[in-house]
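Please look through the structure below, paying attention to pairs of charged side chains and to enclosed spaces inside the protein.

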Amino acid sequence: MNHPPLHKTPNCVCKTTLLTGLVALLAASPVLAQTSNAPTEMKPTVVTGSLIPTAETVGPAPVQTLSAANIEQAGTADTLLTLRKLVPGFTGSGNYLGSVNNNVNIGAGFQAFTGESYAQIRNLPTLVLLNGQRIVTSALSGGQAVDLNSIPLAMIERVDVLKDGASAIYGSDAIGGVINVITRKNYDGVELSGRWGFPTEGPKDHGVQYQASIVMGSSTETTSFTAGAQFFEQAPLYTKDRAIGSMSAAQLEAQNIGVPPAYFSPSFPGKVQAGGHIYLLASSPFANPTDPHFLGGITGYNPAVTTPPVFAGQTFTGPNAVVNYNNYAISQGYVAPGFTAANTPGPYLLADNASAVLKTTDYGTTTILDQDRRQFWANAQHEVFKDTLTFYTDFLYSDNAATGTLAPSPVPSLLTYNTTIPADNPYNPWGVLLGQGQGTGAAAPPRVRSRFVDFGDRTFVSLSDTFQWVGGIKGNIVTPDYSYDISYDYSQARQEQQTRNAPNGALLNQAFIPIGATNAQGQPLSTLLDSSGNNLPIYNIFGAALGHSAINSPATLNALNATLFTWGQSELWSAQGIFRASPIELPAGKLEFAAGGQYIDESLQLEVDGLSSGNLAPGLNVAVPFPHSRRTTAAGFAEAKIPVTRPDMEVPAAHFLEFDVAGRYQTFDPGGDKAVPKIGVKWQPLDDQLTLRGSYNQGFIAPSIFNLFGPAFASNPNVVINGEAGQVQTEVTGNPSLKPQNSEQFGFGAVITPSHFVKNLTISADYYHVTQDHIPVADAQAVANSLASLGPASPFAPGFTTQDGLPFTSASQVTIDNWLNATFPWQQNGKLRTDGIDLAANYVIPTEWTEGYGKITLGAIADYKFHYEIQQSPTLPYVDYTGTFTPFQGTIPEWSLNLNLAWEFKEFTFVVNANYLPSIEDPGTLIGPYSQPEQGFTINNPTQPFHIPDYFTIDMQLSYEFGKGKVEGRKWWDGTKLTVGCLNVTDEKPPVISDAVEDNTDKNVYDIIGPFIYFEITKRF
């Protein structure tokens, strides 16, 4: 199915020609020296994925290395964005791009703008290391993810991306692989750097970036010291700044989307529901024919009815409450403008089309967060006794802040947030108690919906500081054949989420209670007091204004306006010792061995304000404190590298053969224990031009502290009940009985360096296959299915409550409108299986071909997925998410491609990076029980998925370095590098996605900013 584009795209013929040309140019080609597969002479060093030092650049497992130059040439200021641009496979819901990851439910169970970035290779659990050491997870992720934004780019020497399981080497979490960030060391001199960047599409100052850094160091034969600092600021970009972010219903319909997305809300002032119908107060802008919000088909608009008339002594309840109220008002003389007493429609107007119609993005919501980062680091090394005792230490401190906004707090129901309005409230038109304690069933009053627009937008301010200190000693034991490395690692992350302009639900209840008196302006007073002990005017929740109105006193609003908070702290400390030895000389070389032990202590705690924990923060999820909890781990591990043949042995079909075997035994308290093996092989059958490699390993993920002990994790997933899709509230609780998740994986591949035929060319292909089980899941759809089919007999019935407050006695009570909450524990029912192939090539054009024209390097790297399948429950089938977008798994393209060209000519360096994603589909509800549909089916063919077109971006960078390579006769300006670049030079617009929760696209994958120009200057002394 073809869908008309929302935006003007480059001519398809030109785009196809450009892509075809680049692919043809680079087809033989990992990106620009990122994967150094060609064997070179190197000093033995410990590499990611092994405990044993090696001088080989090609091992039994694939590792893609991003050098400092690669990172600089990517042109980004964000670690995850850099990985995404240079390493295919960083897609899917496990990859959160902090600058744009708005309004997500994270591990702590509340809506948040965290500004944190989380990464997963191939959307699989991934271990993040800093200089080979574990780093603390973020408290606001429930202690389940490392914030990559706590690691400044300026401190990075390189990033190793190990695309293989490594639990036998590193322990828990290394299922998808390992991201190991290596920082600068042994630096001599001073480097100053500055960056300024801005989107070419305004408005002015929106989305602008500023960055400055300093690196300095000094080293001698025995001592080295390196330190640095980085400062980063980014101005916000608002949803209204880009056309895609807040499309109207008509624009969505033109894109074949029939059901509005989440930013169209059913909760707004002046709305009530009764008897299966929707009514609007007559002054509502949605009823005004001259207002842009007018819905059509509604008559009886009356701007004078800013609040519904109240008739003392009269009560109106039940399904006909609004009809009876209107009739009574008319009998008391109410007449709408342009009507007579005989045909006037009354103060409340029937408007069944006023469901999800309030476009909340009009309030000034953010698309790119306002961010501020202050980061410092240092490392030192001192050789106490030559070769036998060296002390080393590393330090990192990161202070980050991020701010974002949402529309004012909604009121979906007075029952939801412990709100109570007494019957004698002078603005209460129904004359009965509303909210907690109100009547149920046939005695229930109308459902009041509103929004606290007078309070202003909800503003989320996330404050985070992360600290890590590592200290250790290392050295040889008598000879280099025996060595040791003992280290201690302590890291701590503290985060606070402030939510400003939130209603204080406890004081709000006071502001609803009248005292029977009025002030000098005639406003009825409430039991709410100001700081001087004076009674304040009653808060009127029944008005219809969509913006700030005059019906509520500023003094009352000021007293009710609250700042909520969630504070969390996550700590990790570990002690590790590794002993290395080469005890035996085999015919093919030395048997190399490493063994050691590790002890890890992790803790997590969360504190929340009393309003949030008491469900007294209308429009915001309940947040429950998490008492200080901890988990300890002890492990023993070993690895051996066994050479079988070497070139000078001249063994037929075994030019070189080596095995690498490893194993780990680890215990968890709580969580049980786990033992896992790994075996790898490296084989060169003829010579070093062809290397075959493969591995088999088992892995595990320790149950997280949050999954073990966490409080109710509140969220609002979308489910389908009896064919009706909608958003419901759930609370998932901790389960202390959880055991480790298991994984099993194998892979094999080849690295070809055909130097006898083509110089400077490296090609690699690696197949991977991963299975994972015992995954904790919060399957709201399975809960809904069980409740709707079994009713009170469902195992989830004890945790289910209804909106109408009636006891749960029948499956017919389970509907989208009647669902109040469902509470259930994490269950280890999930399984995953995925397989695919990584393809990479790198080619440096021989200098004899480019003589006089510099050095030209070409690169290409691709990730192709055969399957990415999830099973939520043993009774349900696997669902393959390959080539789809779903709110559940995010964007999982069938394949992705990164292309790169670098041309170094004298003092100039010109770089082109290109990224391509093929077309994918949004299956909506067609994918089955895990779809969590936001919008469901397309308009003209509900049996077909929504088509998302392919996506191709190009980044360019040009730099000039004064005195590049000069040693003698250097001037003061030598060592100065000027850089200008542009991201997304072709202005490729993000595609519309029907199920996208925000901005109608996946902002973690597709660029919503547009062309972004940046200037950088670096001075090295």
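Which side chain meets that of Asp362 in a salt bridge? In this predicted model, the partner is Lys359, with a distance of 3.0 Å from N to O. Asp362 is partly exposed, with a relative accessible area of 49%, whereas Lys359, at 17% relative accessibility, counts as buried because the limit for that class is under 20%.

A second pair is formed by Glu904 and Lys964, whose closest N and O atoms are 3.6 Å apart. Glu904 lies in strand β48 and Lys964 in the loop between β52 and β53, so this salt bridge ties together parts that are 60 residues apart in sequence. Both partners count as partly exposed, Glu904 with a relative accessible area of 30% and Lys964 at 31%. Glu998 and Lys1003 also meet in a salt bridge, at 3.3 Å from N to O, and both of these residues are buried. Elsewhere, Glu201, Arg242, Asp987 and Lys989 are joined into one network by salt bridges that share partners.

Turning to the enclosed spaces, the largest cavity has a volume of about 600 Å³ and is lined by 40 residues, with Leu81, Arg84, Lys85, Val1005 and Asp1007 lying nearest its centre. Among the elements that each supply at least two residues of this lining are α3, β10 and β48, and by class the lining has 19 nonpolar, 13 polar and eight charged residues.

The second largest cavity holds about 350 Å³ of space, and of the 20 residues that line this cavity, Glu72, Leu153, Ala154, Ser193 and Gln211 are the closest to its centre. Strand β8 gives the largest share of that lining, four residues.

Definitions and conventions. Residues are numbered from 1 along each chain as its sequence is written. This is a predicted model: local features need pLDDT of at least 70, side-chain atom pairs count only at pLDDT 80 or more; totals for chains, interfaces and linings use all residues. Side-chain values use heavy atoms; hydrogens and water are left out. On a 1 Å grid over the protein atoms alone, a cavity is a set of points where a 1.4 Å probe fits but cannot get out, and a pocket is an open set with protein on both sides within 12 Å along at least five of seven lines; lining residues have an atom within 4 Å of a point. Grid points are joined across faces, edges and corners, and a volume is the space filled by probe spheres set on the points. Ala, Val, Leu, Ile, Met, Phe, Trp, Tyr, Cys and Pro count as nonpolar, Asp, Glu, Lys and Arg as charged, and the others, Gly among them, as polar. A salt bridge is a side-chain nitrogen of Lys or Arg within 4 Å of a carboxyl oxygen of Asp or Glu. Buried means under 20% relative accessible area, exposed over 50%, partly exposed in between (1.4 Å probe, protein chains only).
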